[in-house]
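Trainee: I should like a close look at a single part of this model, set in its surroundings. Please begin with the chain as a whole and then go through that part and what lies around it.

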Amino acid sequence: MVTVAGLIRTVVIVKNPFAILALRLRKKPVKVTFSNGAVFQITWPQFRSLRDNYELVKKYNLQQISEDIFKITTDSYQLVGSRVMMYTIDEMEAGSYGYDYRGKVVLDIGGFEGDSAAFFWSRGAKKIVIYEPMLEHHRFIDENISLNKINAEVHAEGIGSKDGEITVVYDHADNCFGLETRGSQNKMIIKIKDVTKVIAESGADVAKIDCEGAEISLIDVPKDTLRKLEYVMVETHTPQIRRQLIEKFKNSGFVVTQNGNEDKDKEISIISFKRVDTEVINQ
């Protein structure tokens with residue numbers, strides 16, 4: 001269904017709006033030229049996504065490489081991958097992962113297509129240790145590491161309470177992999193590594209953990225191992241996990257510096273924890 005608001009927005013931001021009529025009727029990719037000069041050969045769902053996020057299309061100089069693969073350019077780095085990266089990068093650039101990364105080793109659990117690695121690297125990190133269990137994302141991770149000359153160590157694993165393998169049911173192999181599963185017939189076996197080992201072996205100063213529910217495994221990490229990290233950013237996916245992790249980190253000598261949904265009962269939020277010096281804890 002086409003809304004009046006959607007129709008008006010289309011006319012305003014598209015140079016050839018009649019192509020959109022053909023796009024709706026043919027249900028095949030059509031060449032669409034946006035008012036900023038960007039040209040895409042896209043389907044109707046792709047067009048709606050780009051139209052509704054046109055400010056990001058302009059902001060990040062989005063360029064189409066093929067079908068659903070795009071090049072994204074910021075002031076500090078370039079990325080190749082799915083258009084979903086446009087949204088994840090904008091969240092990071094807006095401050096969701098705000099911290100001083102200069103000279104730090106960053107543990108990036110849930111590396112997706114290498115977008116967060118490029119972000120941390122652009123902020124002065126000296127090394128990024130990436131864990132990403134989806135093998136199809138690794139071609140983009142490798143390309144983006146090369147494109148931005150990132151010092152990175154890459155692992156094709158997820159995290160859990162112990163080493164092993166799990167079967168994940170998923171709808172789409174995107175940044176919500178394993179989170180949206182209703183009615184899905186897609187299944188994948190992924191490798192899992194004990195998160196305690198991951199933290200201990202990484203030598204990381206900072207950790208970003210975004211792993212669609214597996215963040216609950218942090219509950220089993222010994223306090224001494226957790227305190228190897230000075231700063232931790234965790235995306236939680238249920239209110240219960242959020243409450244459990246806040247308690248775990250506070251009991252391990254961390255303070256909450258960011259809690260996106262502190263007063264809300266929403267499913268997903270990003271929480272940041274900063275380690276408190278031992279001397280302060282004992283006072």
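Mentor: Among the contacts in the chain with a separation of 6 or more (a contact being heavy atoms within 4.5 Å), 54% join residues 24 or more positions apart. The model is a predicted one, in which local features need pLDDT of at least 70 and side-chain atom pairs count only at pLDDT 80 or more, whereas totals for chains, interfaces and linings use all residues. Residues are numbered from 1 along each chain as its sequence is written, and side-chain values use heavy atoms, with hydrogens and water left out.

The average pLDDT of the chain (the predictor's confidence in each residue, from 0 to 100) is 89, and 89% of the residues score at least 70. Residues 177-181 fall below 50, yet this stretch has 18 contacts in the model beyond near neighbours in sequence. Residues 279-283 also stay under 50, and for them the model has 3 contacts beyond four places in sequence.

The secondary structure comprises 11 helices and 15 strands; these are DSSP runs numbered from the N terminus, helices being H or I over at least four residues and strands E over at least two. Of the 283 residues, 49% are buried; buried means under 20% relative accessible area, exposed means over 50%, and partly exposed lies in between, with a 1.4 Å probe and protein chains only.

The part chosen for the close look is strand E15 with its two partners. Strand E15 covers residues 269-275, and 5 of its 7 residues are buried, so the rest of the structure largely encloses this strand. Strand E13 (residues 231-236) pairs with E15 in the antiparallel sense over 6 bridges, where pairing requires that DSSP finds at least two bridges between the strands. Within this pair, Val232 has Phe273 of E15 as its bridge partner. Strand E14 (residues 254-259) is likewise antiparallel to E15, with 5 bridges between them. Here Phe254 is matched with Arg275 in E15.

Met233 belongs to strand E13. Its relative accessibility is 0%, which means that Met233 counts as buried. Beyond its neighbours within four places in sequence, Met233 is in contact with Tyr97, Tyr101, Phe120, Val206, Ala207, Lys208, Ile209, Ile271 and Ser272. Of the residues just named, Ile209 is 24 residues away from Met233 in sequence, while their C-alpha atoms are 6.1 Å apart in space.

A further buried position is found in a loop. Ser217 lies between strand E12 (206-209) and helix H9 (223-226). Ser217 counts as buried because its relative accessibility is 3%. Its contacts, apart from neighbours within four places in sequence, are with Ile159, Gly160, Ser161 and Val195.

Other strands of the chain may be set beside this part. Strands E3, E4 and E5 form an open sheet in that order, with antiparallel pairing. E3 (63-66) and E5 (78-81) stand at the edges with a single partner strand each, so one side of each has no neighbour in the sheet. From one strand to the next, the twist averages 20°. E3 is joined to E4 (residues 69-73) by 3 bridges in an antiparallel arrangement, and Ser66 stands opposite Ile69 in E4. Helix H5 (residues 85-96) lies across E4 and E5 and runs at about 145° to E5; such angles run from 0 to 180 degrees between N-to-C directions of axes, which are lines fitted to C-alpha atoms, for helices over the stretch in contact. Helix H7 (residues 138-148) also packs on the sheet, touching E4 and E5, and its direction makes about 160° with that of E5.

Strands E1 and E2 form a hairpin with 5 residues between them, and Gly37 in the turn has a positive phi of about 95°. The two strands run antiparallel and are joined by 4 bridges; Val32 has Phe40 in E2 as its bridge partner. Side chains alternate along E2 (residues 39-42): Phe40 and Ile42 point to one face and are buried, whereas Val39 and Gln41 point to the other and are not.
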